[in-house]
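Let's walk through this one together, starting with enclosed space and then turning to strands. Have the viewer open as you read.

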Amino acid sequence: MASFLRARQAGVQNDLSSAITPGMFAAEVLARYGINSQISSLAYDPVQSLLAVGTAASQYGPPKIYVFGAQRVVRTFTPQSSTSSSAAAAAATTSLLASTQPPPAIRHLAFVANRLISVDSRNQLAVWDLQSQVADDTKPAARTTYGRVACVTTDPGLDWVFVGLQQSGGEVFAYDLDRERPAAGFRLPCFWSARPGPGGARPAGLGLGPSLVALKLHPRDIGKMLIAYDKGAVIYSFKQNTVERWFEYVLPAGAPGGDGLSVDKERRPKLVQATWHPTGTFVLTAHEDGSLVFWDPKDGRVVAARTLYRTRVNEAAKPGAAATHAPHAPLAPLGPIKWCCKASNPDDTALLIAGGQAADDPDQGLTFLDLGPTPIYATSSWEILTNHFEAKQRLTLPLPPGAQAADYCLVPRSSPFYDGAQDPIAVLVLLTSGELLTLSFPSGYPITPTNMLHPSLSFVHPFVHKVNVCAMSRERWLSFVETRNKGDPILQGGGPAPRRRAAPGRREQRNIVQVAHADGTVRVWDLGFDDDIENPHQLQVDVARALGRFEDVSVTSLAMAPATGEMAAGTAKGELVVWRWGPNRLYGQAGDEPPPAAEEKKPGGLTGIADRAEPSLKDGLQPLVLYEAPAPGGAAASVVAVSDVGFVAVGFESGALAILDLRGPSVMFQAATAAEFAGKSKEEKRSSFLRGGSSKGPAAKEFPTAIEFGVLTLDGDGYSSIACFVGTNLGHVATLKILPSGAGGYTAQPAGVAKCGGDKVVAICPVNADTGKPALATGLAVAGLREGRQVHGVLVVATQTEARIFKPATAKGASRSFDDQLCDTARVVEVPGSASGATALVAVFGDRTARAYALPSLKELGRVSLPILDAARTTAAVLSPAGDLLAWTGPSELAVLPLWSGANGGRPPASGGLADELINPELTLPPRPTISNLQWMTGTQYISPTDLDLLIGGEDRPPSKRMLAAAAAERRGVQQGQGPGPAGQQEGWGSYLGRQIQERAERLTMVDDAMSKLQETSQGWADEVNKFVKKQKRDAVLGSVKKGLF
């Protein structure tokens, strides 16, 4: 009965929700965009052009691994903690310590061939097969758990992962990627604990033992590995199974060191980082006092020691000399260090250093030390080598003010070797806040992630402040492809899985999302319906540039016209910027800096800002006009609406309202306070008169919270007109009638106010009472006004506590209260797939539920629970006209949930259970760098990957896939007459390995014989020279004697 009475009171004769059946209102997760939690690790594969991102566990979900490729290609891996009976038994014991332990996180990621290696904070090493397209990405190809893992190192061309532990002072183990199991016979003890001293073994001290800090394979000679402890470093030789060199940084008394503290005594600063020179010519160790120490790996001597600011910090001042190293501000702890090199010349190097800067340094960021070409070691003096590390120049790759780098990942052009630091073109910086920043290398210019990285990465590049969505026609969106000067995308690998085609109705109307970021950038792109997105490119506008300032820019409201593509953004400072699609008339003419903002503000006025277009943008969304809130101004823009017929409305938290006509552009209506356009409804005026105008207290400040443009017939009119409906935080809905003026423009006049409860209005939806379709101000509807067409419509208004249907401007209509929860967002949507185009009111509540209500009876049709939503951000959720909910599931993750998924009886998997493809088998790993001829001639023994497999895995290790591939290639060459051995015979692995060793020994013997012959020839030549010199001396003496006698 209540539903029947509401329908009669609303003035709607038809049941607009009659085609909706039970079970149609159901939710499912269509897609997720963003990152579920804070990023903890990064890795880049230049061969396949993929980026891996690891996160830490939080209240929003477990740790995850994202692998991003070109455009929308992405795979998500979720490591599952290994469980056992012993772990279950220990659960009660560890429960007291759980609160003090850090949450699980992905600590290390590395690409090895077509595999991804991950190590989490629970010391679990997992191997993920990137070639598999199985949609279930929770089960790795292999995994194992070690003790407390200190560090990990891998090589793209090897089948081994070296894992350093904290137990026993730092033991090192190896994991066999090919066999997918730990190497049984390989274990390196803590060498530093047994370091020989001047009189033999050094006794252990009373303090803690050495801790493992870093593991680094030699960039060229894989037979050597740099093992760094907090007390020093060693070079371990696989072929000799012993330590070749020891490195301990000792500062003598009088040497300033990195921090200039305790200069009067000897110090041994702890080691925090270690790495190789790209060719292995030097070793770098970084210490906690800020020192960067360069070592000669041949004899273990210090070549140079410096900080980011000073050189020769390891040298004590001479007696009587004045101190030249004055104490300075404290240095930040040193972070990751990469020794970069050029592709054409690996000896032309530079250092990229995170941390180590003084606290009072105005230029905070990553430090780039350009060392230049490395001097030839064999022909350079010690002084030349020392001066080389004073660096040609020092640059700073700037970071945002107050930001600090937690980690970074270089983006090499092509080579995965040299520790991923050969010929980098960009660097991805992970800030301590969890945000990402992309900089060009080595110039340090910011690189926008728009069309360079996956849209999910843009959610932390930087964080998102505001999200809005509109339904745009497919044809219109396909025409929105901006032309911008930019480089090639950073991620180009992978390929999308086959997708199904969306339903015809949904395919023609695309969900276009507008995302505003913390740096004032707004990106626009197609969310899709889990189908093939025909235009996956993103659009970008720069709010800061349009405003003429780059500080304190925060977007608080967004709107976009579905048909025209005009977009508007309101800021926290009370400004409104409008963009329009078109060419940039200043393309290629303007500089990088925008024209300065006008010194004189124009409260309530318009400013043309076409000259503030981005100089690199040729075609796209161009800035059109800037509007500033009327005096006193400064209040944030609370709501913005853009119509398809050239009208823009903006409301401010000060209570001001303005309606712009973009045809001029001009301000067609302006009110400084809500009282000028809202006022009181008839019921409130009558109630106030009966109470005698008394007031119980100061009135709350009223301001707009929802705005919509519509075309319909207002109550009491005999014609339809364009109207602007404004809802406020006090439950008022004001109607402003927009009429043509004599000058060819338009004017807006208040037509009345309706009272809808006493709470914030969250949604205003004009609806055609006959069809249930939206009665919006579209070009077709406005054109119909000239022909005298009438649209019999009503307003469906949702506040935090009730839903109301009434005929504007002042009719009371029918209402239904939300008794138990506050409504955060609502919208009238059309049920997809319904034959008669049924519509319903959908509302999302603070208890993380969504509910559907019939029109006009407002009867509840269904309710779904949405436990994945972030309860603290349900007010930021938005509903699309297609009935899709965009809601936050975490600080930086947005879920797309169709709320009418039951209308089609459930959807089959879009890709048939297959995930996106990541690996292109045609892209192969380039040859690994190896030792030079000079190094080989001076005694460095070449160790091949096959030799290393034999040294680590032992003779009993079955041949790896790489070995079998090499043997097969050898057999093919033999059969084709390109190698030794009888043609047509099948050579076993043992015979193949024995023959390889024999041939290698023969080649070494031949070289040895050649060197012996060279020595004999050289000795014979020297003897002949000596004989010739003696003969000349004898002839000279005899000649002088004869000359004296005769």
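Q: How do the residues lining the largest cavity divide into nonpolar, polar and charged?

A: This is a predicted model, where local features need pLDDT of at least 70, side-chain atom pairs count only at pLDDT 80 or more, and totals for chains, interfaces and linings use all residues. Residues are numbered from 1 along each chain as its sequence is written, and side-chain values use heavy atoms, with hydrogens and water left out. A cavity here is a set of points on a 1 Å grid over the protein atoms alone where a 1.4 Å probe fits but cannot get out, and lining residues have an atom within 4 Å of a point. With Ala, Val, Leu, Ile, Met, Phe, Trp, Tyr, Cys and Pro counted as nonpolar, Asp, Glu, Lys and Arg as charged, and the others, Gly among them, as polar, the lining divides into seven nonpolar, no polar and four charged.

Q: Which element gives the largest share of that lining in the largest cavity?

A: The lining includes V541, R545, W579, L617 and P623. Elements here are DSSP runs numbered from the N terminus: helices (H or I, at least four residues) and strands (E, at least two). Strand 35 (539-542), helix 8 (543-547) and strand 40 (617-628) each give two or more residues to the largest cavity. The largest share, three residues, comes from strand 40.

Q: How much space lies in the second largest cavity?

A: Among its lining residues are R474, W477, L478 and D526, and by class the lining has three nonpolar, one polar and five charged residues. A volume is the space filled by probe spheres set on the grid points, which are joined across faces, edges and corners. For the second largest cavity that space is about 40 Å³.

Q: What is the bridge partner of L660 in strand 44?

A: Two strands pair if DSSP finds at least two bridges between them. Strand 43 (residues 657-661) and strand 44 (residues 666-671) are joined by five bridges in the antiparallel sense, forming a hairpin with four residues between them. Within this pairing, the partner of L660 is V667.

Q: Which strands are the edge strands of the open sheet 16-17-18-19?

A: Four strands form this open sheet, and the pairing is antiparallel. Strand 16 is joined to strand 17 (residues 224-229) by five bridges, with A214 and A228 as bridge partners. Each edge strand pairs on one side only, and they are strand 16 (212-217) and strand 19 (242-247).

Technical notes
1 Å grid on protein atoms, 1.4 Å probe; cavity = no way out; pocket = protein on both sides within 12 Å on 5 of 7 lines; lining within 4 Å.
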